[in-house]
Amino acid sequence: MTIFVFCIALFLIGLYAIVTKRNLIKIIIGFALIEYSVNLLFALIGFRRGALAPIITKVHSAHNFVDPIPQALVLTAIVIALGTTAVMLAIALRIYERYKTFDIAKIKKLKG
Amino acid sequence: MIELYLFLIFMLVAAIIATEIKDLLAAVISLGAVGFSVAIMFILVQAPDLAIVQIVVEVLTIVIFVAVILKTTHIDETIAEKFSGTQVLATVLYAVFAILFFIAMVRAMNDIPPFGQATMRVAGQYIRLGLPRAGGANLVADVILDFRALDTLGEATVLFTSVIGVVALMRKIGRRQK
């Protein structure tokens with residue numbers, strides 16, 4: 001259970017970056033940290049001691065595998081994380097071109 | 001399993017550095033350290049497919065981050081300034097929420113199976129039927145491409161939507177000039 005608590009600590013570091021940082025890139029880094037921690041937590045929950053990777057071979061016909069379902073879910077989540085990060089960074093780049101700063105306290109003007 | 005804990009401590013240190021350092025390029029490199037540690041941990045918990053995808057996605061993420069930072073600035077000028085009132089308030093509120101969240105999650109972790117003893121209630125079915133029904137030796141690929149193929153269709157939709165979003169945001173023609 002201790003290892004799950006470490007994952008939650010990583011989640012809280014990412015949340016800290018999102019809530020308290022004023023730099024847009026730091027906020028996006030916080031999102032990425034949260035994604036890593038949740039993916040890792042899923043993979044750790046599906047782990048079984050002494051089990052093999054879920055690939056059927058002739059040598060290991062006994063079905064002693066780790067849980068393949070969290071791995072399938074996380075595989076989807078990793079790819080979606082890449083898409084969201086790319087969109088966030090594109091928006092950050094456009095904001096920088098307009099305001100010449102990443103500081104969210106200075107990005108106040110609502111100009112179309 | 002001591003190496004898992006060592007990697008997790010390394011990841012926590014790298015994550016704190018990534019959030020607190022002044023140079024944004026160094027912050028992105030620290031983020032890459034966290035991501036590649038995640039990939040190594042995927043190998044240690046017997047998830048080779050995840051490790052491969054994580055490495056590819058991590059490289060792409062770092063490349064996009066570095067491209068954005070090289071086009072803009074790599075100095076985080078908000079770090080050196082002293083705390084403003086709203087930032088102190090945000091930190092205090094975050095601390096309260098973090099403590100509550102941490103307690104709630106630790107209590108919730110007592111209800112899920114302990115580390116290393118997954119229940120496999122649903123997975124047993126997939127493992128039994130994976131080779132005869134779906135015909136693939138890799139059970140993760142069976143789940144993604146056969147048993148839960150509609151989820152993968154949704155994933156592809158999200159991915160292409162994000163590509164359309166990036167292309168629309170980064171377009172050169174059709175934007176109003178100043």
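Contact here means heavy atoms within 4.5 Å. By that yardstick, in this predicted model, helix H1(A) touches helix H1(B) through Thr2(A), Ile3(A), Phe6(A), Ala9(A), Leu10(A), Ile13(A), Tyr16(A) and Ala17(A) on one side. On the other side sit Leu4(B), Tyr5(B), Leu8(B), Ile9(B), Met11(B), Leu12(B), Ala15(B), Ile16(B), Thr19(B) and Glu20(B). Sorted by class, that contact comes to 15 nonpolar, two polar and one charged residues. Each of the two helices spans residues 2-20 of its own chain, and they pack with axes 10 Å apart at an angle of about 10°. Angles under 35 degrees count as roughly parallel, so H1(A) and H1(B) are roughly parallel to each other.

H1(B) has another partner in chain A. Helix H2(A), residues 24-45, packs against H1(B) at about 165°, the axes being 9 Å apart. With angles over 145 counted as roughly antiparallel, H2(A) and H1(B) are therefore roughly antiparallel. Their crossing is left-handed. From H2(A), the contact draws on Lys26(A), Ile29(A), Leu33(A) and Leu40(A), while H1(B) supplies Leu8(B), Met11(B), Ala15(B), Ala18(B), Thr19(B) and Glu20(B). This set splits into seven nonpolar, one polar and two charged residues. Leu8(B), Met11(B), Ala15(B), Thr19(B) and Glu20(B) also turn up among the residues that meet H1(A).

A third pairing brings in helix H3(A), residues 68-99, and helix H6(B), residues 139-147, whose axes come within 9 Å and cross at roughly 60°. That angle falls outside the parallel, antiparallel and perpendicular ranges, so H3(A) and H6(B) are oblique to each other. The crossing is right-handed. Here Pro68(A), Gln71(A), Ala72(A) and Leu75(A) meet Leu139(B), Val140(B), Val143(B) and Ile144(B). The tally for H3(A) with H6(B) is seven nonpolar, one polar and no charged residues.

Stepping back to the whole interface, 75 residues of chain A are in contact with 88 residues of chain B. Between them the two chains bury about 8100 Å², with 77% of that on carbon and sulfur atoms. On the chain A side, Tyr36(A), Phe47(A) and Arg94(A) lose the most area to chain B, yet together they make up 9% of what that side buries.

Next come the record annotations. For chain A, an unreviewed UniProt entry places "transmembrane region" at residues 27-51 and 72-96. In the model, residues 27-51 are 76% helix and 0% strand, with end C-alpha atoms 38 Å apart. Residues 72-96 of chain A come out at 100% helix and 0% strand, and their end C-alpha atoms lie 37 Å apart.

For chain B, the unreviewed UniProt entry gives "transmembrane region" to residues 6-21, 28-45, 51-70, 91-109 and 152-170. Among them, residues 6-21 are 94% helix and 0% strand, with the end C-alpha atoms 22 Å apart. Residues 28-45 of chain B are likewise 94% helix and 0% strand, and there the end C-alpha atoms lie 26 Å apart.

UniProt also lists domains in chain B, again from an unreviewed entry. "MrpA C-terminal/MbhD" covers residues 9-72, a span that is 89% helix and 0% strand and has its end C-alpha atoms 32 Å apart. "MrpA C-terminal/MbhE" is put at residues 118-172. That stretch of chain B is 78% helix and 0% strand, with 51 Å between the end C-alpha atoms.

Definitions and conventions
Residues are numbered from 1 along each chain as its sequence is written. Chains are lettered from A and ligands numbered from 1 in the order in which they are written. This is a predicted model: local features need pLDDT of at least 70, side-chain atom pairs count only at pLDDT 80 or more; totals for chains, interfaces and linings use all residues. Side-chain values use heavy atoms; hydrogens and water are left out. Axes are lines fitted to C-alpha atoms, for helices over the stretch in contact, and angles run from 0 to 180 degrees between N-to-C directions. Helices (H or I, at least four residues) and strands (E, at least two) are DSSP runs, numbered from the N terminus. Angles under 35 degrees count as roughly parallel, over 145 as roughly antiparallel, 65 to 115 as roughly perpendicular and the rest as oblique. A crossing is left-handed if the near helix is turned anticlockwise from the far one by less than a right angle, and right-handed if clockwise. Ala, Val, Leu, Ile, Met, Phe, Trp, Tyr, Cys and Pro count as nonpolar, Asp, Glu, Lys and Arg as charged, and the others, Gly among them, as polar. UniProt positions are given in the numbering used here, feature names are shortened, and annotations may be inferred rather than shown by experiment. Buried area is the accessible area (1.4 Å probe) that two parts lose on being put together, summed over both.
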